[in-house]
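Student: I've got a new model open and I'd like to practise reading it. Could you walk me through it?

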Amino acid sequence: MTEPLPESLDPARSLRDVPAKRTCLRCRTVFQSEGFGERICRRCKGSAQWKSAVPAGGGRL
Ligand SMILES: [Zn+2]
């Protein structure tokens, strides 16, 4: 019988969840990401509200 490998031995999963240099989705600047969920650099997070991409009125196309 074969036993399923524990998650800790999964290289793909481990590589995603470790701190590494990633490219910011907003400014495309390479920054030190603390984890897989870190896709936006701290500069963008702190300086602007990157969550709201759509401007609230003001311009008509
Ligand atoms: Zn950025």
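Tutor: Let's go from the overall layout to the hairpin and then to two residues in its loop. Keep in mind that this is a predicted model.

Student: Then let's begin with confidence. What is the mean pLDDT of the chain, and where is confidence lowest and where highest?

Tutor: pLDDT is the predictor's own confidence in each residue, on a scale from 0 to 100. Here the chain has a mean of 75, with 56% of its residues at 70 or more. Helix H1 (residues 11-16) sits at the bottom with a mean of 62, while E2 comes out highest at 93.

Student: Okay, and which pattern does the chain follow along the sequence?

Tutor: Reading along, you get α-β-β-α, that is, 2 helices and 2 strands.

Student: How much of the chain is buried?

Tutor: Just count C-beta neighbours: a residue needs 20 or more others within 10 Å to be called buried. Of the 61 residues in this chain, 2% are buried. You can look at contact range as well: among contacts with a separation of 6 or more, 3% join residues 24 or more positions apart.

Student: Now the strands. In which sense do E1 and E2 pair, parallel or antiparallel?

Tutor: As a general idea, side chains in a regular strand alternate between the two faces of the sheet. In this model, E1 (residues 20-23) and E2 (residues 30-33) pair in the antiparallel sense, over 4 bridges. To get the register, find alanine 20 and look across to serine 33 in E2.

Student: And how many residues lie between the two strands of the hairpin?

Tutor: There are 6. Stop at arginine 28, which is in the loop between E1 and E2. Its phi is near 60°, a positive value in a residue other than glycine.

Student: Is arginine 28 buried or exposed, and why?

Tutor: Exposed, because arginine 28 has 8 other C-beta atoms within 10 Å, and the cut-off for exposed is 12 or fewer.

Student: What about cysteine 27: which residues does it touch, leaving out those up to four places away in sequence?

Tutor: Cysteine 27, also in the loop between E1 and E2, touches Cys41 and Cys44. From C-alpha to C-alpha, cysteine 27 and cysteine 41 are 8.3 Å apart, with 14 residues' separation in sequence.

Student: Why does cysteine 27 count as partly exposed?

Tutor: Because cysteine 27 has 14 C-beta neighbours inside 10 Å, and the partly exposed class runs between the cut-offs of 12 and 20.

How values were computed: Residues numbered from 1 in each chain as written. Predicted model: local features only at pLDDT ≥ 70, side-chain atom pairs only at ≥ 80, totals over all residues. Contact = placed C-beta atoms within 7 Å. Pairing = 2+ DSSP bridges.
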